Amino acid sequence: MSSKRNDYITWDEYFMGVAKLSGMRSKDPNTQVGACIVSEDNKILSMGYNGFPKGCSDDEFPWEREGDPLENKYLYTTHSELNAILNYRGGSLEGAKLYVSLFPCNECAKAIIQSGIKTVVYDEDKYKDTPSVMASKRMFDAAGVRYYQYQRTNREVVLKL
Ligand SMILES: Nc1nc(=O)n([C@H]2C[C@H](O)[C@@H](COP(=O)(O)O)O2)cc1CO
Ligand SMILES: [Zn+2]
């Protein structure tokens, strides 16, 4: 009799993997971010990645990081976390978990808190010394949103697509 496989991916690998796969859709040349929202009982509810809003062409809006604010990306990009929240059309996200490949900014933190998400699992934290991320952590702490860094397993997953 055959027994069950042992090398299946964990829940955390699964959801962070889905978040990272989603981030691969991003057209941002500098930072690609992906997010995956999961219910308390481990069902995937939504996904998102960073990009311009619907109707705002990736070929016409600017991907620059500097210069005239109206001619760089920052005023126009929707972050992966906000996209994942807005992509969910099923009702409430109360008690849900968010997996995201980069720690949320302060604007997304507000949306995360207000949507009822209670847990944030993040991978990178490369902007941890910025006021934005420091403000996020202050708000998460005050609002009782738990956040912890994803523990990388370094498992390599090869997808032949
Ligand atoms: N948590 C985040 N989620 C995101 O989706 N983003 C997006 C906004 C930009 O498109 C890009 C950051 O660009 P850069 O400043 O690293 O070139 O990632 C940024 C952050 C950082 O807080
Ligand atoms: Zn954000």
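Visitor: Which residues of helix 4 are buried in this predicted model?
Guide: Helices (H or I, at least four residues) and strands (E, at least two) are DSSP runs, numbered from the N terminus. Buried means under 20% relative accessible area, exposed over 50%, and partly exposed in between, using a 1.4 Å probe and protein chains only. In helix 4 the buried residues are V133, S136, K137 and F140.

Visitor: What arc do those buried residues cover around the axis?
Guide: The arc is taken from the directions from the helix axis to the C-beta atoms. The buried residues lie on the same side of helix 4 because their arc is only 95°.

Visitor: Which residues are exposed on the other side of helix 4?
Guide: The model is predicted, so local features need pLDDT of at least 70 and side-chain atom pairs 80 or more, while totals for chains, interfaces and linings use all residues; side-chain values use heavy atoms, without hydrogens and water. Residues are numbered from 1 along each chain as its sequence is written, with chains lettered from A and ligands numbered from 1 in the order written. On that other side, the exposed residues are P131, R138 and A142.

Visitor: Which residues donate to the zinc ion (ligand 2)?
Guide: Donors are N, O and S atoms within 2.8 Å of the metal (3.2 Å for Na, K and Ca); water is not among the atoms, so sites may look incomplete. The donor residues are spaced H-x25-C-x2-C in sequence. Lying 2.0 to 2.3 Å from the zinc ion, the protein donors are H79 (ND1), C105 (SG) and C108 (SG).

Visitor: Is C105 buried or exposed?
Guide: The relative accessible area of C105 is 13%. C105 therefore counts as buried.
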